Amino acid sequence: MKYKERGRFSMKRLTFLTIVPIVAFGIMACTPPEQEAQTAVTEHLEKPSAVDLHAFKAYHHAVYMQTTAQQAGGTNILFHTTELPTEGTDPVVTPALDHLYTKAVIDLTSGPVIVEVPEVEEDRYFSIHVTDQEHYTIYDEIHPVGLYAFVRKGKDMEVPDGTHLIESPGDYPHLFIRVQIKTPEDKPNSIAVQQKINLEGTSNELIIENPIQFTIDTHDVYPQNQEFLASAIGFDEEDYQRVSEYIGAIAPKFGPTGNIGMFGPIDSQEPNSDDPEYRAAAIVGHLGFPVHHAFYAPYFTNCNDEVLNGDTTEVFTFPYEPEGVELFWSLTRYSALTRNTIPDKNDLFNAYNTEPDEDGNITVTFSVEDPMDGTYWMPVNEGEPYYFVVRYYKPDVENLPQKPCS
């Protein structure tokens, strides 16, 4: 089935839509974030209904998939990013700079799809992540290898023996493969891994007129969400921006819990995973991992709960080898105005471009000018709000890292 698009969503348009809410957050006064967010919501914004919150994530994901399919040249075509998104242009909001992306909109309307991934050395992070049309994780694996067969749940689809079977509740699961890039000089090695990934399936153009109707028609909506999406057929771009503004205003409240409850499967046991507000807030970090795979710790405020802004120098100290983190960590700073990286400035620190001090820590200074004091300098723009995310891959979920404040 083909769906006509209303107004032809472009990558530029999608990027604009994701900017709107963070602007609202960026102009908050420097008061405790939870209190300020609640004040902003009660005084200026109406809390969206559960219908709106469910529609918001389905709408965003459908528009994103259409953009991705356009970039790739159709469904069932791998789209490789071979450059890190360091100039603020990636349609993925809050993009990681730890790996190159390989993405595809899987299309099961013509039969099964086979993806082959190579064996990758153990010291290079490599993963596969599959998301359904309601933005729930349906499969994730670190260091996949071999053949993976995507089939539509409930349909009789034959696949070759020896394949890893991934059953999708919809016609259009989203494939996301991440290949670690350790340093800029390491990039050719990551690209070489990408080039060994193969996909076999029939390609079609993805054209969407109504994102909610598209989701209902092409995806087995989970029973607990059926009434919500059925009531949201008329959810449009104006509704999207309204909910987006609300999510931006309350974003600071999710700082202490990070991605807990946001990205897991429909039956996730993570706290708050059944809360539609948490699930909708996940769109700020669209296509993120469940916490067992990676813990995202976003920081919007300093240790005095003041919103981070380029007018003030901030200093944070982190352990170089954080306890309970099995794979690796990274720290990435973003503009709060764009939810993206800042052009022409360093955005990333990790174990590959830093060294521990005598106490086993690294100290990072966020400031307009280089402090030249031996700390690692993270540049920010004068007068502009920003935030940073510390990512911990394969963490101990019983002992997650805390905010670096004494």
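Which strands each supply at least two residues of the lining of the largest cavity? They are β2 (99-105), β8 (174-180), β10 (294-299) and β16 (386-393). That answer is a handy way into this structure, which is a predicted model.

**The protein as a whole**

Let's step back for a moment. The protein has eight helices and 16 strands. It is built from 406 residues, and 57% of them count as buried. Among contacts between residues at least 6 apart in sequence, 76% join residues at least 24 apart. As for the outside, the protein exposes about 17000 Å², and carbon and sulfur atoms supply 48% of that area.

**Spaces inside and at the surface**

Searching the whole structure turns up four cavities of 30 Å³ or more. Here are two of those cavities alongside the largest pocket.

| Space | Volume | Lining by class |
|---|---|---|
| Largest cavity | about 390 Å³ | 20 nonpolar, seven polar and two charged residues |
| Second largest cavity | about 50 Å³ | seven nonpolar, no polar and no charged residues |
| Largest pocket | about 330 Å³ | six nonpolar, five polar and five charged residues |

**The largest cavity**

To find this space in the model, look for Thr94, Phe263, Val284, Gly285 and Tyr296, which lie nearest its centre among 29 lining residues. Of the strands, β16 gives the most to this lining, with four residues. Nonpolar residues number 20 here, while two are charged.

**The second largest cavity**

The lining of this cavity can be named in full: Phe318, Pro319, Pro322, Trp329, Leu331, Val390 and Tyr392. By class, these are seven nonpolar residues, with no polar and no charged ones. Three strands, β11 (314-319), β12 (329-335) and β16, each supply at least two residues of the lining. You have met β16 already: this strand also gives four residues to the lining of the largest cavity.

**The largest pocket**

Which residues lie nearest the centre of the largest pocket? Leu84, Thr86, Thr183, Pro184 and Leu348 do, out of 16 residues that line the pocket. The lining is mixed in class, with five charged and five polar residues beside six nonpolar ones. For the lining of the largest cavity, by contrast, the counts are two charged, seven polar and 20 nonpolar residues.

**Where to look**

If you would like one element to follow through the model, try β16: it supplies at least two residues to the lining of the largest cavity, and at least two to that of the second largest cavity.

Conventions:
Residues numbered from 1 in each chain as written. Predicted model: local features only at pLDDT ≥ 70, side-chain atom pairs only at ≥ 80, totals over all residues. Heavy atoms only, no water. 1 Å grid on protein atoms, 1.4 Å probe; cavity = no way out; pocket = protein on both sides within 12 Å on 5 of 7 lines; lining within 4 Å. Points joined across faces, edges and corners; volume = space filled by probe spheres on them. Nonpolar A, V, L, I, M, F, W, Y, C, P; charged D, E, K, R; others polar. Buried < 20%, exposed > 50% of the residue type's maximum accessible area, 1.4 Å probe, protein only. Contact = heavy atoms within 4.5 Å. Areas by Shrake-Rupley, 256 points an atom, 1.4 Å probe, with all protein chains shown as cover.
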